[in-house]
Amino acid sequence: MANVSLRKLNIVLGGKPIIRDLDLCVEPGEFLVLLGPSGCGKSTLLHSIAGLVDSDSGAIEIGGRDMTDADPSERGIGMVFQSYALYPTMTVEDNMSFGLRIAGTPKAEIRRRVDRAAAMLQLDALLRRKPAQLSGGQRQRVAIGRALVREAQVFLFDEPLSNLDAKLRAELRRELKLLHQTLGSTMIYVTHDQVEAMTLATRIVVMQGGEIQQIGTPLDVYERPANRFVAGFLGAPAMAFVEGTLDAQGRFEADGMRYLQEDASRPAGRSAVLGIRPEHVAIQPDGDFVGEVTLVEPMGNHQVVWLRRGKATLASLVHDARSYAPGERVAFSIDTARVSLFDPVTGNRL
Amino acid sequence: MATLRLTRVTPYTALLPMALVAALGYLGAGLWTFYISLTGSRTFPSGHFIGLAQYHRLFDNERWMLSLHNLAVYGVLFVLACLVIGFLLAVVIDQNAMWKMRGEGVFRTIFLYPYAMSFVATGLVWQWLLTPGDGIDGGLRALGFHDLRFDWIVSQDFAIHTVVIATVWQMSGLVMALMLAGLRGVDPEIWKAARLDGIPAWRVYAQIILPMLWPTIATVLLLLATAVAKLYDAVVAMTQGGPGIASEVPAKFIMDHLFLRSNVGLASAGAIVLLVPVLALLAPYAYARSRKEAA
Amino acid sequence: MKMESIVPPLPATTPVAAPRKAVRRARRRWTPARIGLYVFLLGAALFFLLPLYVMIVTSLKSMDEIRQGGIFALPHAPTLAPWRLAWSGVCTGAACDGVRTGFWNSVAITVPSTILTILLGAVNGYALSFWRPRGANLLFGILLAGAFVPVQVMIYPLVRVMALAGIFGSLPAIVLVHLVFGMPVMTLLFRNYYCNVPHELFQAARIDGGGFWRIFLQVMLPMSLPVVVVAAIMQVTGVWNDYILGLVFAGRDNMPMMVQLNNVINTTTGVRQYNVNMAATILTALVPLALYFVSGRWFVRGIAAGAVKG
């Protein structure tokens, strides 16, 4: 396992700057997830680490060696693509061993690596098949196997689960996590799915518009989002935002309704946006606030109850089976220790 | 009910022209030609049945055997040259698309315009180009290459090769267009995966891309092979089968014997013989296609 | 609360070792491979453009210039006389009034054949993809197979039938023959096109009460402009460039330009007038070439749609 370090990376594609002055350090053995919406540059970043996209300036280091201009095959990496990119006319075995054969690896060594990867990914029975005869999940495993046999220092994943259906996605997600635990290699993973990011990552890099919004552990990024974008991107249902003002004592009010009580630790005398997650809104008879139920979404093991208070709409995660009717007025509380406050203009955390 | 019945019948009546053309124009005409080949017809079809005698005469005919030999030589050279040139051009243009070279549309126009010209026009232009003394032959000498001669078009052995040059010029662009369409269907992530595996570009083409392009190549082969069997216009325009009969081809043999030498029976036998390899190529192709559609 | 620090502080010195075996990839533009590609492309372009250049250049020279100069030389004193002669003066077998009669004959043959063949091809394609009557696919298969078969297999019986019907050598005869031999490709084009139209559209039209012809004329045909354009280009090119069918079926009165051209060049006695020949060739090839240069992309679309599936 090796580290990856990017310094002042700039990538311009088709005349447009995609990545601007980016610095990133990936620790050896960690599972780093690049998370962001389409077009935020995460795939481009991954491709430039792989050497498939040229950077215009900046340095890329893998395992302590400067790889900025190195060929993709010389960087000591393995990569798994979104569309698997398996060679359609070759068997699974040939797919996995092709690169090794070209590199002149001895036959015995190729055999050992292929068998090891096949065992790890339960591909033993499929070695003689062609990609067209495999299911989506099996093809994805072969793609992972092809990366594994390179016995690389760093593994790159480009949205590998997006072409699979939901159930298969969850299954393979867990297998990937197990794989990381078994191998311990450094893994860099690109996705737009925040569930994948939360469950797989040791650290998440949230990106938007070619720039890093926040780096942190899943818990960090979820509980203490650095700005409004990160706060809204993670968590489902999304965090609710209420625009209002903080008075001199730290009380938060929005259209005449109080949300937060005095607290000297809060910045005072300014406008702010209050962010509240659904799991921090509890419907209880002795709650401090009153709201009207507008919509109820039953989810099986929980319900999402949408409440309106004044002009604000809040969601509440409810774990009991009590039924709520639209129009009903209920009392609720907010866990004020877990809320976030943001600057209305910059979006940054206060 | 009247409307219901009409709706069920109308498709059949609408397809009547197609049925007539297929059954009479193609199938019927082919069967009639086969029938004539079994008779002793000279200028007009006669009912005089002589079995396979015309076929015996055909294969004793020196001109026919020469035409078959010419077609074989022509066929191999033509198909190979078109495939190689068409494929290389397609690869070069596709690669340049990846490197964003400008002018790709211009190059495609340059290579495909000959296909818009008829075989006759092609043959005539190349006849002029290859005229001994005034054509390229003379042009080379004017440039200073005094010992070089390029008089294939009047030589016994190489006249058919000049037809190869002209028709390859005309058809390679088509092969290029078809191969390019095939190349464009290749998932670009396969290229990325191959780069990562450290596979050199020529091996990617040889061991990954070409096998993937097999359906396209099969189609191209079928088109080229049938074009070979149909070779007529270009020969008539370029060499008239000459010098003498040095560049005679089966289609011309058949046409000459139908309309000039008044030997309809012999010509029909020739037509049926020409038909056999075409059907032999069509059958597996159609079978493979229908299996793929059923799957 | 302060904003989370985004970048963990880098160690003071990060060792940057010299690149191992890592090949310093020549990212700059002119690698040997790229130069080779350009050279090949340029060479091929020359080979393809040479005949066009020679054709044009020869047609603008006088015969003296041709005899003296090389074939590649530009004309010193360009003249349009060969063109005038080719258009209205050369002898084409029967008469000596140039290829212009052939031009108008070709127009007279091409226009009706194109219109009729496209109409029939459209109806066929429509019936085949939406209605699928019994036995239609078999007939279509025969039609397609026929397209690959050399025309010599069918030609003599067609001649006999035309003669018996008394129309051999007339304009309707040649138009009919082009109809027969153009039907396979036209039907294929339209069938492929209609197969890509969602079947639900057809079903909705039937529910709305449409019958065979009404749906064709009011729903399908109006949406068929792209394929009609492609079909027209292919059919016009094919009929205009045809030689063998025109030779056999058109007769002397309707001799198309392509047949005339071959007569002009290959059956004259005496001194060959290369400049007039080339001018005549250009005049004859002008219609499809112009069509191609104007509509290149549609041409390619036609090839892909017709040839690939076939």
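**Entry 1: a sheet in chain A**

What is the strand order of the open sheet of five strands in chain A? I went to this sheet before anything else, keeping in mind that the model is predicted. I read the order as β13-β12-β11-β14-β20, and the pairing is antiparallel. At the edges I found β13 (257-260) and β20 (340-342) of chain A, each of which pairs on one side only. From one strand to the next the twist averages 45°.

I then looked at one pair in this sheet. Strand β12 (residues 252-254) of chain A is joined to β13(A) by three bridges, and the two run antiparallel. Following Phe252(A) across, I landed on Leu260(A), its bridge partner in β13(A).

**Entry 2: β16 and its partners**

Next I followed strand β16 (residues 289-298) of chain A, which runs antiparallel to strand β19 (residues 329-334) of chain A and is joined to it by four bridges. Here Phe289(A) has Phe332(A) in β19(A) as its bridge partner.

I also checked β16(A) against strand β17 (residues 303-309) of chain A: six bridges join them, again antiparallel. Glu292(A) is bridged to Arg308(A) in β17(A), a pairing of an acidic name with a basic one that I jotted down for the margin. What lies between β16(A) and β17(A) in their hairpin? I counted along and found four residues, with Gly300(A) in the turn at a positive phi of about 95°.

**Entry 3: the four-stranded sheet of chain A**

Back towards the start of chain A, I found an open sheet of four strands in the order β2-β1-β4-β5, with antiparallel pairing. Why do β2 and β5 of chain A have one side without a neighbour in the sheet? β2 (16-26) and β5 (65-66) stand at the edges and have a single partner strand each, so one side of each is left open in that sense.

Strand β1 (residues 4-13) of chain A is tied to strand β4 (residues 57-62) of chain A by five bridges, and they run antiparallel. I picked out Arg7(A), which stands opposite Ala59(A) in β4(A). Helix α1 (residues 42-50) of chain A packs on this sheet, where it touches β1, β2 and β4 of chain A. Its direction makes about 115° with that of β1(A).

**Entry 4: domains**

For chain A, the domain assignment gives domain 1 (4-229) and domain 2 (240-342). I noted 39 Å between their C-alpha centres.

Chain C is split into domain 1 (34-79) and domain 2 (100-309), with C-alpha centres 33 Å apart. Eight residues from domain 1 of chain C and seven residues from domain 2 of chain C make up the contact. On the domain 1 side, the elements giving two or more residues are α1 (32-59) and α2 (63-68) of chain C. The largest share there, four residues, comes from α1(C). By class I read that side as four nonpolar, three polar and one charged.

**Entry 5: two helices in chain C**

How do helix α4 (residues 100-131) and helix α7 (residues 171-195) of chain C cross? Their axes come within 6 Å and cross at roughly 40°, and the crossing of α4(C) and α7(C) is right-handed. The residues of this contact are 21 nonpolar, nine polar and one charged.

**Entry 6: chain B and its neighbours**

I turned to the contact of chain B with chain C, which takes 73 residues from chain B and 66 residues from chain C. Helix α2 (residues 16-37) of chain B gives the most to the chain B side, with 13 residues. That side has 55 nonpolar, 15 polar and three charged residues.

With chain A, 14 residues of chain B are in contact with 15 residues of chain A. On the chain B side, α9 (188-196) and α10 (201-212) each give two or more residues, and α9(B) gives the most, with six residues. By class, this side of chain B has seven nonpolar, one polar and six charged residues.

**Entry 7: confidence**

I closed with the scores: the model has ipTM 0.88 and pTM 0.84. Chain C has a mean pLDDT of 84, with 87% of its residues at 70 or more. Over residues 1-26 of chain C, pLDDT stays under 50, and the model has 39 contacts beyond four places in sequence for this stretch. Where pLDDT is low, the predicted coordinates should not be read in detail.

Key. Residues numbered from 1 in each chain as written. Chains lettered and ligands numbered in written order. Predicted model: local features only at pLDDT ≥ 70, side-chain atom pairs only at ≥ 80, totals over all residues. Contact = placed C-beta atoms within 7 Å. Nonpolar A, V, L, I, M, F, W, Y, C, P; charged D, E, K, R; others polar. pLDDT = per-residue confidence, 0-100. Pairing = 2+ DSSP bridges. Axes fitted to C-alpha atoms, helices over the stretch in contact; angles between N-to-C directions. Domains from an automatic or database assignment. Left-handed = near helix turned anticlockwise from the far one by under 90°.
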